[in-house]
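Me: Please take one part of this model, the pocket, and go through it closely. I would like to know what lines it and where those residues come from.

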Amino acid sequence: MARAAATLPSDARGAFKEPLGPVYEDAQRLLADAGDPIIAVGDVVTYHLVAAGAPPKVAVVDGKTEREAVTAEVAGGRPDADRTVEVASDPGTISEELLEALVEAIHAEGSTLLSVDGEEDLATLPAVVAAPIGASIVYGQPGEGMVLANVTSALEEQAHELCELLETTEAFWALLE
């Protein structure tokens with residue numbers, strides 16, 4: 001079991017349903033509005049970015065979509081990253097190792113594929129907080145499409161406030177400093 005840096009309490013789940021940006025169904029249109037670097041959270045959005053010829057700098061994948069295994073086509077559409085890092089993170093949590101690897105990947109040279117044993121769903125918020133202004137976080141909105149969260153100071157503040165709804169450890173905040 002991975003050591004959790006943050007856990008989503010059941011009474012806060014509703015606050016995490018609203019997308020952090022516009023929702024796209026077409027990867028090319030999303031890319032036209034995206035900043036740099038692009039950080040993808042989720043197998044299906046990663047697949048669509050790679051298929052559109054724009055592999056993300058950081059891709060966080062767990063082999064699942066909506067809690068079901070992804071298709072072979074989606075699994076085969078992972079980017080050919082400079083580095084692959086394997087971490088564990090239990091459902092409904094962000095593990096310390098996932099958070100540490102995510103922050104490191106965002107600031108590293110080259111591209112990183114973060115392969116999560118468990119679940120990567122909550123990685124979006126710390127990605128927004130850790131990414132530089134002007135970066136884009138792309139993640140899936142179940143049944144709707146891909147959310148484009150362009151990092152601005154206002155979005156970073158919103159993500160920080162959402163992170164405060166999580167049950168966090170000191171390590172969570174220390175890693176995001």
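The reply below covers the pocket, then a sheet.

Reply: This is a predicted model, in which local features need pLDDT of at least 70 and side-chain atom pairs pLDDT 80 or more, while totals for chains, interfaces and linings use all residues. Residues are numbered from 1 along each chain as its sequence is written, and side-chain values use heavy atoms, without hydrogens or water.

The largest pocket (an open set of points on a 1 Å grid over the protein atoms alone, where a 1.4 Å probe fits, with protein on both sides within 12 Å along at least five of seven lines) has a volume (space filled by probe spheres set on the points) of about 1000 Å³. Its lining (residues with an atom within 4 Å of a point) consists of 34 residues, and D121, Y139, G140, Q141 and P142 lie nearest the centre. By type, 13 lining residues are nonpolar, 9 polar, Gly being counted here, and 12 charged (Asp, Glu, Lys, Arg).

Helices (at least four residues) and strands (at least two) are DSSP runs. Two helices, α2 (43–51) and α5 (124–130), and three strands, β5 (64–65), β10 (136–141) and β11 (145–150), each supply at least two residues of the lining. The biggest share comes from α2, which gives 4 residues.

Apart from the pocket, three strands form an open antiparallel sheet in the order β8-β1-β12, pairing meaning at least two DSSP bridges. β8 (93–95) and β12 (167–168) are the edge strands, each with a single partner, so one side of each has no neighbour in the sheet. β1 (residues 4–7) is joined to β12 by 2 bridges, and A6 stands opposite T168 in β12.
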